[in-house]
Each structure stands twice: as C-alpha cells, then as structure tokens.
Amino acid sequence: MTGELAHAVAWQKRAFAAYEAAGDLLLQGDALRFLSRLHYLNGDRALADQAGEAAVASLEAYPGTPELTLAYANRAQLAMLADDPDETVRWSELALPIARALGRDDIVATVLNNYGTGIQYADLDRAMALLDESIALGIATGSQEHVARAYTNKSWLLRQARRLDLALAVANEGVAYCRERDLDTWRDYMIGGLALTLLDLGRWDEAEATAEPVVSSTTNTHLMRNPAVRAMTLLHIRRGDSDPAELIAELREHMARGREAPRFSSLALIVAEQAWTYDLPSPEALALLAEATDLACHNGSPWDRALLWMWQRKLGGETIQPDDLPLPFDHLARGAIGEAATAFSSYAMPFGEAQTLVEGDEAQALEGLAILDRLGAAATASRTRAELATRGMRKGVRGPRASTRANSFGLTRREIDVLGAIDKGWTNKQIGERLFVSAKTVDHHVSSILGKLGARTRGEAAARARDEDLIS
C-alpha cells in the first residue's frame, strides 16, 4: 500500500515458504496468487504471469473456494492489463458466480473491476456501470485497495475515450480517496494519469506541477511511476528544456521486465516523437512502433493504434492504416486537415490540433505554429518550422524573436507570452483561455513578471517590456 513492493515480495515469499513447510497446499496457492499481484505492482510482468498460472494450477484442486475465485480474478486482471478482453471476460466469468455464491461482495468488487475495464472498447457504458458497482461494493465492504484500483481504471477508461474533463474529475476523486487512506501506490499512478490528461488538454504547467512530485520521488515502483514519467518525458521533448534520456531509460527498463501493449505502445510513441522532434535516425523508433503495432493490432485502444500509425507515417515508415481510426485521424487519413483539426479541438486537445494543422496549407500551418508557440512547445515548433521551410514556406517560419527567447530579466518563455497578452489588455481569464492554463496560474505568472521587471502595475510592466524590446 505504501509503494515498498520489493519488501512486500520478499515477505510474501517467506509466507509461501512457511505454508510449504506446513504442507498447506491451499494457502500455498493463495500465497502464489498474491505474489503474482505483488510482482506485477513491482513492475515484473513475466514473474506475475508465472506465479498467477501456478496459483490457478494449485488451487483448482479446491473448487468453490474464495482462494480459487481470487486466483481466477487475478488471471482476469493480468489479461485486462494486457488489453486482452476475451481472456479478461473468460476468467471473470469463472470467478463471478463463485464469488456471488459465497456471498463475498469484496471479491465481487474486484471481479467487476477487471470485467468492466476489460470490455471498455466494446461497451463503454456497461464498463462504466460495472466499475461504479465495483466502487460501491468496495466501499461497502471496506476493500480500500480495490476501491483505489477501480477509481484508477474508471479514470483511465474515460481518458482512453478522450472524455478528458470527466477523467480529470474521477482521477481527482480517486487521488483524494487514496490520500485519506495512505494508499501511496495507487495515488501515484492516478496522479500520473492526471498529468497525462492535463497534457492532452494543453494545461502543461499544471501537468508538470502534478507529475513532478511523483517523478522526483524514488519510493514507488516503475509501474506506478510510469504515467507521471511519461507525462514529464513528453513535456521535456516538446519544450526542449531538459534532456529526457534518464526518464526514457526508466521506461525502457520497465518494459524489459515484461511487455504489454498499453505501456509498450506509450514507450514506442515517446521514442518516435523524440526521433522526429530532434531529427534523429529513426530505424530504432520505427522498429519499436512496428513491434507495438503487432502487440496492439487486435485489441486495446483505437487511439493508441491511431497514434502508432500516425508516427510511423511521420517518420516515413511502412504503415497499415487501422480500420477503426478515431474521427480526428480518420479525417487526417483522408487529407481533410480542417476537419481533423476541428475534431481535435472538439476533444479540447490543442497539441493534436496543432500537429494536424501544420500538415495543411500555409494559413493552416501558421495557425498550428501559433498553437505550438502558445503551448510552449518550443522544440516541436522549431522542428515543424524546419519541415515547413523544406516545403517552400517562408512566411512565419523564423519563429519568435531572439529578444523574447533570451533576456536579462530572467523572464521565462511563458512569462513573455503572458506579457504580450497583458499588453493587449486581456484579463487573467482571457489569458488563461488563450494559453491553456488556469486563471490562478496566470496570476502567479503576473506576480513573477511584476517582480522581475520591478513594476508596480500590469500597465507599467507592459510599458517596460516594450521599452526593452521584449515584446512587439
């Protein structure tokens, strides 16, 4: 519960040895089942699978028992985490009638959690209903860890469906639940999901502030750090302000201990985006994309498959267009740039909107560049401008003036953006909407600007900025 999974694994092995010495086959099987869960939480998929299979093989000699039911539920969970809906349903339907017959609502809660998450791409409404039932049963039976896991999965389902505002609300509720009960393991995973969702929404400063405590701490496992590390890595790649090598190495190390489609796809996409953004040799990135596509080709998120296709396309690799492209990518595949950008905008995903617009005509490309500049995606914008120049576009591809990138006042790139908006007379609310940040975040930027410029008012700050050629 507190993220010390290596110690938990060691103690569970001691428990298994004690049951083995006592000749208690039932408790040996149950210890193997829980060891499987601990191995997975510790970031080792291969060992989790081995222990989970051994637990079922051992416990099938004890039909109708809670121990066998939990072993089936564990196999369902491992299948769900690998985006294998058929196996998730099969193991869940073995477990559910036994749990109900035993009157064990705590076990029903965990089975419904796996079952609902496993069918998310086939029937999202039913999936959400099963997860809501799981949360209610978990709360009623005091099964706190199962409640935390259900909140995690529910927020992730909404994120995968790109219902981003709802995903934020559920994740915040889940994080609060975990903090109140010291469930550090699940708290950090949900915080990472929050950061990724904020990143999608273009609220990058908030995404960074959300992910940073998890990334800077070393108390949790690679698995539970994974979403936060992914969010921070993408921020570093797109902004070009920090070397993401150490974070990418962590993601690689995690996947070396057992690959499953959702997390391996995310690694492949990050390596691909880094290769494109910094114009690096792309054979390894393309190989990872191809491997991830093979893993994700039959099941899992249509958005993940679409992103894998898009990055193969951007890197010049061989592509097979998925037949279930989400609407923005379907428009993009048909060359309907405006419609694709509008679709991304309808999901409140400005980075995706910008990536699409820069593939269009000159006016669309300039609009896309403007979004990248507002987001602070300096490295992405620089690479995009270079690509547009090779297409023969000259207007607007030189980028921001040098005086706005480096100045003696120590103003950040985002503070320069806020200064320009202040000079136009915008309110904090208007600035926040324009820059994809909250009004509170803008207020912090304004306070910092006033201090750095030695100004007492917003008007005085804008005047000083014009005098110093910081804004035009």
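Which hand, left or right, does the crossing of H2 and H4 have? The crossing of H2 and H4 is left-handed, and this tour of the predicted model begins there.

**Stop 1: H2 against H4**

Select helix H2 (25–41) and helix H4 (66–81). The axes of H2 and H4 come within 9 Å and cross at roughly 20°. Because of that angle, H2 counts as roughly parallel to H4. Next, display the side chains of the contact. H2 contributes Leu-26, Asp-30, Arg-33, Ser-36, Arg-37 and Tyr-40, while H4 contributes Glu-67, Leu-70, Ala-71, Asn-74, Gln-77, Leu-78 and Leu-81. Coloured by class, the residues of the contact of H2 with H4 fall into 6 nonpolar, 3 polar and 4 charged.

**Stop 2: H3 against H4**

Keep H4 selected and add helix H3 (residues 45–59). The axes of H3 and H4 come within 9 Å and cross at roughly 150°, which means that H3 is roughly antiparallel to H4. The crossing of H3 and H4 is left-handed. On the H3 side, the contact is made by Arg-45, Ala-48, Asp-49, Gly-52, Glu-53, Val-56 and Leu-59. On the H4 side, the residues to show are Glu-67, Leu-68, Ala-71, Tyr-72, Asn-74, Arg-75, Leu-78, Ala-79 and Leu-81. The contact of H3 with H4 comprises 9 nonpolar, 2 polar and 5 charged residues.

**Stop 3: the second largest cavity**

Rolling a probe the size of a water molecule over the atoms shows where empty space is left. The structure holds 10 cavities of 30 Å³ or more. For the second largest cavity, centre the view on Met-80, Leu-81, Asn-153, Tyr-189 and Arg-263, which lie nearest its centre among the 21 lining residues. This second largest cavity has a volume of about 300 Å³. H2 and H4 return here: together with H8, H10, H12 and H14, each supplies at least two residues of the lining. Select H8 in particular, since H8 gives the most to the lining of the second largest cavity, with 6 residues. By class, the lining of the second largest cavity divides into 12 nonpolar, 6 polar and 3 charged residues.

**Stop 4: the largest cavity**

Move next to Arg-159, Arg-162, Asp-200, Leu-269 and Leu-307, the residues nearest the centre of the largest cavity. The largest cavity has a volume of about 540 Å³ and is lined by 29 residues. To see the elements around the largest cavity, select helix H8 (144–160), helix H10 (184–200), helix H12 (222–239), helix H14 (261–277), helix H16 (302–314) and helix H19 (350–357), each of which gives two or more residues to the lining. Which helix gives the most to the lining of the largest cavity? H14 does, with 7 residues. The lining of the largest cavity comprises 16 nonpolar, 5 polar and 8 charged residues.

**Stop 5: the second largest pocket**

Finally, select Thr-293, Cys-297, Ile-320, Gln-321 and Pro-322, which lie nearest the centre of the second largest pocket. The second largest pocket has a volume of about 320 Å³ and is lined by 16 residues. Helix H15 (283–296) and H16 each supply at least two residues of this lining. H16 provides the largest share, 4 residues. The lining of the second largest pocket divides into 6 nonpolar, 5 polar and 5 charged residues.

Note on methods:
Residues are numbered from 1 along each chain as its sequence is written. This is a predicted model: local features need pLDDT of at least 70, side-chain atom pairs count only at pLDDT 80 or more; totals for chains, interfaces and linings use all residues. Side-chain values use heavy atoms; hydrogens and water are left out. On a 1 Å grid over the protein atoms alone, a cavity is a set of points where a 1.4 Å probe fits but cannot get out, and a pocket is an open set with protein on both sides within 12 Å along at least five of seven lines; lining residues have an atom within 4 Å of a point. Grid points are joined across faces, edges and corners, and a volume is the space filled by probe spheres set on the points. Ala, Val, Leu, Ile, Met, Phe, Trp, Tyr, Cys and Pro count as nonpolar, Asp, Glu, Lys and Arg as charged, and the others, Gly among them, as polar. Axes are lines fitted to C-alpha atoms, for helices over the stretch in contact, and angles run from 0 to 180 degrees between N-to-C directions. Angles under 35 degrees count as roughly parallel, over 145 as roughly antiparallel, 65 to 115 as roughly perpendicular and the rest as oblique. A crossing is left-handed if the near helix is turned anticlockwise from the far one by less than a right angle, and right-handed if clockwise. Contact means heavy atoms within 4.5 Å.
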